[in-house]
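I opened this model to make a few careful notes for someone who has not met it before. My entries follow in the order in which I looked things up.

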Amino acid sequence: MTITNGGTGKARGWRHLVAGGALVTVCLTQWGCEDVFEVTNPGRILDDDLNRTDAMTTLVTGMSADYSVFRSEVALSGAYISDELAGSVSGIVAANFGRGLVLIEDVNGEWEDAHRARFNAEDGIRRMEEVLGADFQGNPLTARAHAFAAASNLSLGENWCEVSFEGGPAEPVSVAFERAIDWAGRGIPHAQQAGRTDLAMAMQGIIAAAHVGLGNWTAAVEAAEGIPTDFRWDAVYSSNTEREENPFFNETHVRQSPSMFNTPAAASDPPDPRTPYTDCSDPEEIATANPPCVRDKSSDGVTDHIRSEKYPSRAAPIAAVSGKEMRLIEAEAALRGGDVTTAIAMMNDARSLWPSLPTIDPADYPDTAASTFTAGDPLWDLLDRERYLGLYLEGKRLGDLHRWNHPFLDGGQIVNEPVPQRASCIPISQNERFTNQNIPNSP
Amino acid sequence: MALLLAGSTALSAQQTGTVTGEIVRQDTGEPMGSVQVSISETGLGSLTSASGRYLIVNVPAGQHTVQAQLVGYQTRTQEVTVTADGTAQVDFAMTQQAIDLEGVVVTGTAGQARRREVGNSIAQIQAADIENEPVETVEEVLQGRTSGVTITANNGMVGAGASIRIRGNNTIAGGATGNTPLIYVDGVRLSKSTPQTDPDQGSIGFSQINANVSVLDEINPQDIDRIEVIRGPAATTLYGTEASSGVIQIFTKTGTPGAATWSLTTTQGLNQLPWTGPNDRSVNPAGMGLHACNLADDPIGSIWFAPDCPSDGDYIRLGHTQDYNLSVRGGMEDIRYRVSGNLANEQGVIAPQGLEKWGIRGNVSFAPSSTLNIDFNSSYGTRDITWLPDGNNSEGFTLNVFRAGGGYVPENRNLLTLEADNLQSIQHLISGINLNWQPMPGLSQRFKAGIDYFQSEYTQEWPFGFYARTLGLRMNNIWQNRTLTFDYGGSWNADVGSRLTSTLSWGGQLFTEEVVQITGVGQDFAGPGKKVLDSGARRNVEESRIRTVEGGGFIQQQVGINDQFFVTAGLRIDGNSRFGEDFGTQAYPKISGSFLVSDYDFWPAWWGSMKLRAAWGQSGRAPGAFDALRTYNSVVGDNGQPGVTPGNVGSPDLGPERSTELEVGFEASMLDDRLSLDVSLWDQTTEDALLSLPPTPSGGFVDEQVVNAGRIDARGAEISSTFSVIRSRDISWSLNGQFSWNQSEAVDLDGLEINFGPWPLFAREGQPVPVYIGDRLQNPNAVGVDPIREEEVIGPSEPTRTFSFGTSLTLYQDLTISTLFEGQGGHKMFAGTLWQSIRRGVWPSCLGVLPQIQSGNTSDLTVQERVVCDPQGIGFHDPIYDADFIRWRTLSLTYRLPQQWLPLGIQSGRVSVGGQNLHLWTDYPGLDPESVEDGGRGPMIGKASYYQIPIPRRFTLSVSMTY
């Protein structure tokens, strides 16, 4: 359609055109259309909003929450990679872990959860120092934050092959252990000043475990010996929300994925009290299982489901620092020093937490042992078994296999056909490698 | 005065007459509604009613030319002599036009543009194209009828939405809906967001469904007048940010002048599940356990024996469907209306899956003055869907049936999974008002305002005593999505001298979208019975409210020379609340040209018309609502206490990605308008591509951060053609075909590789987006050696070729047979169901060789034979196969009932029998290459198959009456 009625129409057209254009121009320039695009959506917390004293408790609770997520994830993955659980699962990643195959693309979650927990604690401490000022010193929140920073670094050191911080280069895990010692050392005075002996003891235990990682046995024993055998500092879980749940329960009891079938822990029948289980493939046990077994097989559909009862609820805590571990550290240190008597005494001390366990009789063992881990040496085999059972599913086993260069790593099999040389630690993840220019893309 | 008026009226009556007539299709003889009939010298005109009749009164006595015009048909003219007080009969028989260069299309400006002026290819589907077809959704309407558009059905459950891609993938942002085109219904923009029913969504969700609904499925195909598909950024520039994946405009039917015309269509149908799994019944006698679950004594079939197998021996059924549509249209010259309603009940192929739906629509147009027209279009639809737990979840029905005792239910009692209720209730309102004001010839202005309101309530209830959670659980997800559209546009046409025409267009749009999602979970009930959330001893809730605002303005100038050569240049400037605070606005330019070379005298007569065209333009896509901000997330710790965790790193410079496209092509008709050809070549580059990347995790922030960092290229071609083989009054036979090809490449991903887990789908530089990559066998045919695997690029998950072929034959204007075949190919698919079945030793095709593998006696097997059937040996990357397929989409037979058969008062009637998805040809060894996980998972932009229900056949019988 075109204009056909001459100049008058054109003039009117121009007027309308100018009016329309003016309307748009006014909107874009005068009415502040830019403001139209300023939208504040609820639900997220801006960084600056946390810089207030009444946000500090929230901050530390977040550290606790992130640490619990990290702690359970690394314990679960470590259980699959090691000989604690069978990879009798449906998903391919856990099945690969069960074969001892740990690919960098399969451990992004573990690496991210580790650093989120570490960063949230470490950066939180920085923020607390700025916001609290004088109230930072000796504050129980300050002490707790230091414990999470130290514990996160410790688990990094115990489970990874290498570490990296803040986009830096790959470094030996000793750096993580040293950071754990540093954070714990700085946190202990705050805990003591705040009267939180539990936190002070937990950080002392972290120092002990970190020194084990560094091979500093004297320092390890020195840190461990003040901690009672029945002491525990736990990563806490709850059935309150899914994120707070201990994921072991969902995997073992709900999904029935990882079985204890063919693991050293399942070799004890009846079960060792440290590694309780229900044999869901046994009709007699099915009848009395509480909670009931869903079925007789694990989620791979072929493996008998031997259900671990270590974590029988969604709220079951996972020990982050424990007195029993301290005794076993002392036992290993003694064994390395040739003190068999003390070693067995410390192991018996750890076993005392389970009254039904018989005491180890020194007479059943030789008087001497190798100075380093030696498979086949009765005393080292004993310590191996005591640490395996005593610290079962607590995120310690993979580190033990690694530092001992355990023979299980040489093609050990639970159910899935293993790779010839099983992984003994978790590599730096693919996402870190691809986004951190200081680390090569391939291990 | 009264006398004067009476005298004037009498004089007028003496000097005018009436023109009336009937307009029918030449090939079928069917009356045609909505044909514009005009007497050009007088400005008088009318639209035909549904019965094809028209009436023009007060026509000055004398000689006139009557013109009948309808988009897609050749314009017809007849000379007529009107006598005072006389009635002239002028009938027309309309012939479909191969290339309708005078037809108008919507291009984003205030006015409509004739095809000859447009420098892009715009596909159109008319109501007449589908009126006899057994289609029930908009996606089915589009399927195979528009080149460059790939529709994937996704899931065989009724109510499951299909996914739409136009020209493949050109972004890896936005998750499952990132490559979804913008959709407008009568000018009202629909939200791209859909409620997710996926177990991975949210932190407290337990949803069991891997199928998503589509926002299009409340639109009744019988209400559709036409659909226009605008492909690629070169054509969608004026639609601004979010339009780079194309635009689909749906226009619904409007009223026609004349007496009220009622139309009633009733449809009865059956959904039937094809044999599931390998067709060889000797190895798959139970159809993977769905078609027989009682073969306890069969040596092979007993694998799928289930102790709770229904008494009829299987889990499937013939799903009955019924659909009723009633509409009325009519009006006068100044007021027209169309009101319609539909009611449907569809059973899926496995009880209790099914849906019930109803909807109403009212379209009213009125013209308060000769320069102002107001349209009010409104529709409301509701659907209640009963889902079947399918896909990737351990409490899924299909997963447990197909795993044949190796699943999660105790003792293979698969019906336990159906004790769960999975219900979704949807309400969808689309309403808009459209004002068109033509204050003077040549100047038109348009104002639109509309709302798209979509609400979904999804509830899942595991009853007290449910096998997987004995104390029970209930989840309720409320999703509300409200999108407001405000659209102003103006257009001014002018002649500049005798040869030049000018069209200046301008306008601005504002869109606001608010998505509210509230999810509650209550678990651990005190006892049996139907529950509400607070029946649970433990309760959790999540809430999300996201509002986004997008707006912008455009200006466009078109110059035409001799009505043969047109150049159009335009610019759009956009702002968006999702841009970073330092980013500002984004400008998208465009330029296009079209050249009617066939209008020149030298052009051969046998080659009817030829339009050359080229277009260059840009469009974009905005990041997510929170992507630009540095945020922390609320978490819970220490047994219910509030905490915070690092969330988004943030990027204040974040802006949209920008897609630039060059498109060239032509549209031609020849052989007396029997043959049409529409060919397009296009090349796209998406720069500043939005990449959702993990920040360096050792920095502590681990949520993926969207950054402008990448570049994705894509190119392709589209061809569509129709050929009228026979065009006589007694026999009409036509062929049509479409072919499109596309290829994408991630040129720059900032050196990164992105995995769209859990499947081995990646974005990798130099490869299509997304692409399957994995360790593949290098010595598949070797015998007696170990498998050798190396990483290789396997192929894209998105089809790179789509094609269709259809034909329609009409005999004696009464009987029409039409059919359509569609194929997709060039892509790969992860056959997840096959993979998990092999791992459990229950894949039918492997049962023969399995004993040999398990005994270790494999020396005479090739590596391929041994590995792909070995539960321990099959790798995660082995079951990725060519997913090419051809599907017999539709077959329909329609008989127009003779008038003498019709009861008194019935103007026309017809009976149709039809079938859809009648047969599948494929070498893909999994269940169904089109039954995939896509859209049901937020992070996914690719496709993978994992325990979805195969696409069923549908048979329908329809009876339509108009009176």
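I looked up B:Gly341 first and found that residue in strand S20 (residues 335-347) of chain B, where strands are DSSP runs of E of at least two residues and are numbered from the N terminus. I noted that this is a predicted model, in which local features need pLDDT of at least 70, side-chain atom pairs count only at pLDDT 80 or more, and totals for chains, interfaces and linings use all residues. Residues are numbered from 1 along each chain as its sequence is written, while chains are lettered from A and ligands numbered from 1 in the order in which they are written.

I recorded B:Gly341 as partly exposed because 17 other C-beta atoms lie within 10 Å (20 or more would be buried and 12 or fewer exposed, with C-beta atoms placed from the backbone). Leaving aside residues up to four places away in sequence, B:Gly341 touches B:Leu326, B:Gly359 and B:Ile360, contact being C-beta atoms, placed from the backbone, within 7 Å.

I then turned to the two chains and saw that 76 residues of chain B are in contact with 76 residues of chain A. On the side of chain B that touches chain A, S27(B) gives the most, with 10 residues.

I also checked strand pairing, which calls for at least two DSSP bridges, and found strand S1 (residues 45-46) of chain A joined to S31(B) in the antiparallel sense over two bridges. Within S31(B), I noted B:Thr631 as the bridge partner of A:Leu46.

Technical notes. Helix = DSSP H or I, 4+ residues; strand = E, 2+ residues; numbered from the N terminus.
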